[in-house]
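Colleague: Got a minute? I'd like to know what sits behind the labels you put on this fold.

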Amino acid sequence: MTALAGPPPPLDDRLQPGVRLRVVQMADAEALAALYEANREYLRPWEPARDDSYFTVDGQRDNLHALVEAYATGDMWPGVILLDGAVAGRITLNNVLRGPLQTCFVGYWVARARAGRGVATEAVRQALDVAFDGLGLHRVEAFTRVDNHASQRVLERNGFTAVGTARRHIHVDGRWHDERFFERLAPWDDGIALTPPT
């Protein structure tokens, strides 16, 4: 099974207006530290183990410094999800590969208080615009734990296709978990072109 090319299916009317993405900034350290701390237990089943320093302003400054460096080299597009101007989560186009692959994978999370309202769905839609239009990538991949049905719905609403299961793919929450693997091809994909038409 392959990913569907073309525009994603229409989104439902639950989406919240005011969702925007932007590249992370060093000035986000305080807001992200507060958001991570407030959502620490909510994110624990889905994120890698973090030491206590990660949830501090200094820990987020260190993290942001690494993200900004990776952005500068073109290895990733690290973003924040804004809702009405306030940081509501994170979204990243990770492991950008050029050459004959032209691909990346997307990772995202939204604060518990904003979950279930279409914020993540709209954020992923906008991230696909960045990937396909801004970065000129051909493919975006995503992984979700097999039991993360909410994240799978976000991907499906954005035209991703499930292509298989990666056994014991990620170590989070104290053990290895299987993950479903999803893909989405660029709307400009014609099976031949390496890059978008000019």
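Modeller: Sure, let's go through the labels one at a time, keeping in mind that this is a predicted model.

Colleague: What makes S1 and S6 the edges of the sheet?

Modeller: The order is S1-S2-S3-S4-S5-S7-S6, an open sheet of seven strands with mixed pairing. Strand S1 (19-23) and strand S6 (161-172) each have a single partner strand, so one side of each has no neighbour in the sheet. On average, neighbouring strands are turned by 30° against each other, direction ignored.

Colleague: How do you know that S1 and S2 are paired?

Modeller: Pairing takes at least two bridges. S1 and S2 (residues 77-83) have five, in the antiparallel sense, so they pass that cut-off. Leu21 stands opposite Ile81 in S2.

Colleague: And what makes the pairing mixed?

Modeller: Look at S4 from both sides. S3 and S4 run antiparallel, joined by seven bridges, with Ile91 opposite Tyr108. S4 and S5, though, pair in the parallel sense over three bridges, and there Cys104 stands opposite Val140.

Colleague: What sits between S3 and S4 in their hairpin?

Modeller: Five residues, and Gly99 in the turn has a positive phi of about 65°.

Colleague: Why is S4 called largely enclosed?

Modeller: A residue is buried if its relative accessible area is under 20%. Six of the eight residues of S4 are buried, so the rest of the structure largely encloses it.

Colleague: Why is the S4, H4 and S5 unit called right-handed?

Modeller: Point the strands away from you: right-handed means that the path from the first strand over the helix to the second runs clockwise. S4, H4 and S5 make a β-α-β unit of that hand. H4 (residues 119-134) lies across S1, S2, S3, S4, S5 and S7, running at about 45° to S1.

Colleague: What makes a set of residues a nonpolar core?

Modeller: The members are buried nonpolar residues joined through side-chain atoms within 4.5 Å. The largest such core has 31 residues, and among those with the most contacts inside it are Ile81, Ile91, Leu93 and Phe160. H4 gives the most to this core, with nine residues.

Colleague: Which residues does Leu93 touch?

Modeller: Leaving out residues up to four places away in sequence, its contacts include Trp77, Cys104, Val106, Ala127 and Leu135.

Colleague: Which residues does the second, separate core include?

Modeller: Leu32, Leu35, Tyr54 and Met76 are among its 17 residues.

Terms used. Residues are numbered from 1 along each chain as its sequence is written. This is a predicted model: local features need pLDDT of at least 70, side-chain atom pairs count only at pLDDT 80 or more; totals for chains, interfaces and linings use all residues. Side-chain values use heavy atoms; hydrogens and water are left out. Helices (H or I, at least four residues) and strands (E, at least two) are DSSP runs, numbered from the N terminus. Axes are lines fitted to C-alpha atoms, for helices over the stretch in contact, and angles run from 0 to 180 degrees between N-to-C directions. Contact means heavy atoms within 4.5 Å. Buried means under 20% relative accessible area, exposed over 50%, partly exposed in between (1.4 Å probe, protein chains only).
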